[in-house]
Amino acid sequence: MKDVSLGNCPICGRAALTEYSGGHLSGYEGPNALRLKDGVCLCGSCVRRLRVMYPLNCRFDEAKRELMTTDPLRELTAEEAVEANGQVVEYRESLRESCGFHNAVFLVDAMAESKEGLLQAPLVSFFGQVLYGSFFMLEEVTILSGGKETKAQVVAIDEYKYRIPLSGLKDWMRRTDPGVQVGENGYPYRLVVQGKGISVQPGDLIVKD
Ligand SMILES: [Zn+2]
């Protein structure tokens, strides 16, 4: 059996997905390539560009202790994806304007804190979504909550799915898995900072300038 290309991305024309002889699919343009509603494949770079408009929707169901994920991009047809691509720059600009022109914005939906002993500031994990822009390790961010601005440094970035074990943050910080290096727009993450007296409510923003 030979590898089969599943066609070119309708937006940029590059090959979007390959079906390998074993039957599994792989993104030619990065791991983000996906199949749309009508079976056409979008390449990874075009998916990343459209994500700001069609964020991956992750919701933690407290009752079921389960993470629910839906992807609105997969509900588009190729024609709709091409149309969205024509609007994405304008969309991002109006989002930036409505968020006060920060370089990147993270919308918080939950927080967890781990005490690090008497002399050390606690580690604080924020769970939420990058609305636009990107967050990198060791960057300084500003936490906006209740009219207060608190500066802190990003000490770790990880996948949102680690929202499930809210306890054991300290152990998580010591694990060998380095997490991810960058949090990109349209995807849910866990951002970790270290600092005293930090508290946020769902709906608060963490911004980068
Ligand atoms: Zn493409």
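**Exercise 1. Confidence and overall make-up**

Among the elements of the protein chain, which has the lowest mean pLDDT and which the highest? State also the general make-up of the chain.

*Solution.* The model is predicted, and the exercise therefore begins with the predictor's confidence in each residue, pLDDT. Helix H3 (residues 169-174) has the lowest mean value among the elements, 64, while strand E15 (residues 205-208) has the highest, 98. Over the protein chain the average is 87, and 89% of the residues reach at least 70. The secondary structure consists of 3 helices and 15 strands. Of the 209 residues, 30% are buried. Among contacts with a separation of 6 or more, 63% are between residues 24 or more positions apart.

**Exercise 2. The span and bend of helix H2**

Compare the expected span of helix H2 with the distance between its end C-alpha atoms, and locate the kink.

*Solution.* Step one: helix H2 covers residues 78-98, a total of 21 residues. Step two: the expected span is 1.5 Å times one less than the number of residues, so H2 should span 30 Å. Step three: the end C-alpha atoms of H2 lie 29 Å apart, in agreement with that expectation. Step four: H2 nevertheless contains a kink of about 50°, and Gln87 is at its centre. Step five: after H2 comes Gly100, which has a positive phi near 85°.

**Exercise 3. Tracing the barrel**

In what order do the 6 strands close into a barrel? Examine the pairings of E15 and the hairpin formed by E11 and E12.

*Solution.* The order is E8-E9-E14-E12-E11-E15, with antiparallel pairing. From one strand to the next, the twist averages 45°.

- E8 with E15: strand E8 (residues 104-114) runs antiparallel to E15, and 4 bridges join them. Within this pairing, Phe106 has Ile206 of E15 as its bridge partner.
- E11 with E15: the pairing is antiparallel and comprises 3 bridges. Here Ile143 is bridged to Ile206 in E15. Ile206 is thus a bridge partner of Phe106 and of Ile143.
- E11 with E12: strand E11 (residues 140-145) and strand E12 (residues 148-159) are antiparallel across 6 bridges. One of the residue pairs is Leu144 with Glu149 of E12. The two strands form a hairpin with 2 residues between them, and Gly146 in the turn has a positive phi of about 55°.

**Exercise 4. Classifying two residues**

Is Pro188 buried or exposed, and is Gly203 buried or exposed? Give the location of each residue and a distant part of the chain that it approaches in space.

*Solution for Pro188.* This residue belongs to strand E14. The threshold for burial is 20 or more other C-beta atoms within 10 Å; Pro188 has 24 such neighbours and is therefore buried. Beyond four places in sequence, its contacts are Leu56, Cys58, Gly128, Gln129 and Tyr160. For Gln129, which is 59 residues away along the chain, the C-alpha separation from Pro188 is 4.1 Å.

*Solution for Gly203.* This residue lies in the loop between strand E14 (188-194) and E15. A residue is exposed if 12 or fewer other C-beta atoms lie within 10 Å; Gly203 has 10 and is therefore exposed. Its C-alpha atom is 6.0 Å from that of Leu107, although 96 residues separate Gly203 and Leu107 along the chain.

How values were computed: Residues numbered from 1 in each chain as written. Predicted model: local features only at pLDDT ≥ 70, side-chain atom pairs only at ≥ 80, totals over all residues. Bend = angle between axes of the 7 residues up to and from the residue. pLDDT = per-residue confidence, 0-100. Pairing = 2+ DSSP bridges. Axes fitted to C-alpha atoms, helices over the stretch in contact; angles between N-to-C directions. Contact = placed C-beta atoms within 7 Å.
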